Amino acid sequence: MKIKHAYIYGFGKWVDFSFDFSNGNFQLVYGENESGKSTLHHFLLFMFFGLSPKERAFFHPKTSSRLGGRLVVADETYGEYIIERVEQHKKAEAVCITADGQSHDEAWLKDRLNGMTAEIYQSIYGFSADDLSEIEYIKEENLGEVLLGIGFTGASKLHQIEKRLSTKLGELFKPGGKLPEINRELEKLEQLQEKIAVYDHEESDYLDKKQEMHDLENRIDLLQKKQKDIQEKHLHLEKLQHALPALKDYQIARKQLQKMAGAPSFPQEGVKRLTALKDRLLPIQSELSVLEKNRKADLHEIRTLKEKIKDFPQKQVEGLQHDYIQFQQRQIEITQCKQLIQADTIGLKTTLADLDIGLSIEDATKMHLPFHIEKTWEQLKNDHEKSVMEQENVAKEKRYLDEQQSYLETQLQDLQAELLSRDKRAALEQEQKAYQEYGGLETTAAGSDQKGSEWTQLLLRGAKKSKTYLYLSLMICIAFLACAVMTEQIGFAVAAAGSVLFGIIQWNWQKNNSISIEKIMNEIQAGTDKQTVSKEAYQYGKYLLDVDDQNLQDAESLYEKIKELDIQLIRWKESERLIQQQKGQIVSRVEEQMKQYPFLSHVDLSSWLSLYHACKNAQRIAKEIEKQKMKLTQLRGLDNDFHQGLASFFRKMNWGSDNSEKNEDKSVETLMKRIVEAEKQFHGWQQRVSDIDKALEKNDASKETLEEEMTVYQSEMKRLFQTAQVEDEEAYYKAAEQSQSYENLKKESQRLRKQFSISFHDEEWEQLAQDIPQQSELAWDYDQTGKLLNELEQKMVKYRKDHAKVQAELSQMEGAQAHSALFHQSQMHQDKVKELARQWSITKMAKEMLEETKRSFRDKHIDQVMAQTSIYFKELTGNAYERVIAPSGKQPFSVESCGKTVYTVSELSKGTMDQLYVSLRLAISEVISGENPLPFLVDDGFVHFDMLRNKRMMGILKKMADRRQIILFSCRIYRSVQEHENVIELSTPVRI
């Protein structure tokens, strides 16, 4: 069996996804943690074996209300078939559809899976990393036995089951123990038996009372039976007294019937039958006479109608009616044509009026609009719109360049205003030169020199900082202005103004600060030798010269930017000239179209394309109007020809000659109405002839039926006379009176018998009727039985009192003693011991059956399993071990290395133990699967293997894939598998 495709409607995180497993027999399902590998694994198991309602609820998707899916599988017997499970269909039962379209149920699928359950399938055809982790918790002395169990069944829990069974047996019973439950119950039972023996000697009195009560109960039963018999006799006598008058009447009726010597011969209900026959014969005779009269009248009428039918022109009338149908159809078409012409004319006028370009209907009809004109007008519209847009862009660019030019010129003027004059700059340079030559002023105090130096540095840093802020604010302003021009939003302009204002305020503040420092320094300088350049004057002059040099450089930079702006203005003028040239070309093309189509002068260029479609529509409507007018003319000609032919037919048939108006002057509808009436009259004649024929047939049939019916009634009357053995009607009625008297006596006797049928059976009633008892005897017997019943009732009361007394004494004895309670407890403990013994027997049998199954399975498969395990184990360990040896006798489960050294399984490392476990699982799958291998599912089974072990494991799985399908779910990508492109990445599944 092989899984081809999986379609998931909804299962866990998967909703409306599909997976393709048809690419080879070995597929790697790769995905990171939480990517849905295990969910897909459970989905495959769900499709094969189903899930319980609780398990289905766990995998119910959060984003869909539908749980289930489809699997496409293939096997050698049925080929490809579909397995579908949906929760809403019979509680997720499987529906299998084979290639021939036949549908099968869950039992069929189970048969295809060889009767396996999900647990058996997972223990043989799959394993995971969880199975490897369980081996770590197995005790060393039990490890070999557990691995052998895996070799037998593919399940690692067999040893655990055996231990649980042994533990349960020890908890239930041990031959010399006291703690097991059965041992404790037996001890309690012995103690109770000892207590019960103490009370045995008190049983004699109790048994005597029991016997006395039993005797009283027997006496009461005998009295009750005797009382019942006497009551029945008393009741019978009472019934006889009531039935005595009826018995006498019954005896009289029986004697009169015997005198009549049997019932006279007379039909049952003979009088009623004779009267009914006479009543039926009278209307039959009357109806026969009426039928004969009607027959003669119908024969005369039918001859007259057939002569009229012969002279009627039926074929010509049918031809005219056929032509009239066509005439009516033409009238409908004429009406439709008129309506279409009227509607199209109104629509055309409305369309031309809405256009309001001076076009008439005649102009619209004659107007020529070639097919290429639409593209021409559309191109003109696009070119015009493009030209307008380019003009707007050029205008925006011009405004931007003007603003830039104005801004740069303003900046240049500000810098020029800050530049030093030539005289002042020359004086400062002279002071700098003098200071450098004479070394500065030496008489200034050290503190003043130091303070002057600090102030100078402060002035330099402040000037530099103010310039940086000023330039930065100017750059931000330019950026905001550009954004404002491009986007035409006032917010950017406000931001630009704010940035400029911030730079000016910062620069002005620093300038004022510099002036204050200069004033302080001048005051200090005034106290020194005025004829000598001090160090502070030198530093301040140097600062002023540095600032002036920087301003000169900035001015040069602004000059360069203004030159670049001039070049951009020249380019703008060239662009503006080209746009004006294109605009002139567009105007020329527009004027050319307006000359060809004067009505375009009233329409804006942007609406020309819409106008074109409107004009084409107007042309179409005008042509449709002309077409409808031509059709209307043709239809009217055909109608006129039909009218002339119809008038000619009337002249030929000489119909309507009694009217002074000519047939040609009458309408077609009037003439056809006359024809329809004539044809209707003709069909009426035919129908009347048919009805008369049917009436004659019915008349003859009715006459024959009535005669037959009358014969039957007459025969019935003769049979009645014969039955009554009379010749005439008078004798018949006399015989009826005698028969009625006999029947009355018979009914009376039956009524009396039925009245007492419940109280007396037939034989007893007849015997009483022959020998009626005397009233006085019945009364005396009735009194005697009543007295006897009273005596019996008194004895019953006495015995019941004695019985109640003895029963009370017994109840007191039973309530006062603990014997019954001890006996009850003893019985309960015996029942519990029996139940525990039954559980012990079942557990013992289960353990023995499990051991027997293990022995049988081992004898059958151990050699094959161990041989296949040795092959896989040798390959996995890189030929480090030669073979795996099963335990026998005292020899434990062991392996043999390549150096012929034998190791028990408890001596192996954790990694080698994992390899041995995997080898056993693969081997058992190979051996048990036989000729019908099912898919082998591995869920991260090799997550603890290193790269070398994984490579060897993939080689083994590829070999196994030649004989079965293998699906490996893993969070690791195996290069040897990836090379063959047999990888399904869960990050990129196919959504349905």
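The span expected of a helix is taken as 1.5 Å times one less than its number of residues, and in this predicted model that yardstick can be applied to helix α1, which comprises residues 37–49. With its 13 residues, α1 reaches 19 Å from its first C-alpha to its last, which is close to the 18 Å expected at 1.5 Å a residue. Just after the helix, Gly50 takes a positive phi of about 80°.

Helix α1 is mostly covered, in that 11 of its 13 residues are buried. Among the buried residues of α1 are the phenylalanines Phe43, Phe46, Phe48 and Phe49, together with Leu40, Leu44, Leu45 and Met47, while Lys37, Thr39 and His41 are likewise listed as buried.

The sheet on which this helix packs is considered next. Five strands form an open sheet in the order β8-β12-β13-β3-β14, and their pairing is parallel. Because β8 (126–128) and β14 (983–985) stand at the edges and have a single partner strand each, one side of each is left without a neighbour in the sheet. On average, and with direction ignored, neighbouring strands of this sheet are turned by 15° against each other.

At the β8 edge, this strand pairs with β12 (residues 936–939) in the parallel sense over three bridges, and Ser128 stands opposite Asp939 of β12. Helix α1 packs on the sheet by touching β3 (26–30), β12 and β13 (966–970), and the direction of the helix makes about 150° with that of β13. Strand β12 therefore takes part both in the pairing with the edge strand β8 and in the contact with α1.

How values were computed: Residues numbered from 1 in each chain as written. Predicted model: local features only at pLDDT ≥ 70, side-chain atom pairs only at ≥ 80, totals over all residues. Heavy atoms only, no water. Pairing = 2+ DSSP bridges. Helix = DSSP H or I, 4+ residues; strand = E, 2+ residues; numbered from the N terminus. Axes fitted to C-alpha atoms, helices over the stretch in contact; angles between N-to-C directions. Contact = heavy atoms within 4.5 Å. Buried < 20%, exposed > 50% of the residue type's maximum accessible area, 1.4 Å probe, protein only.
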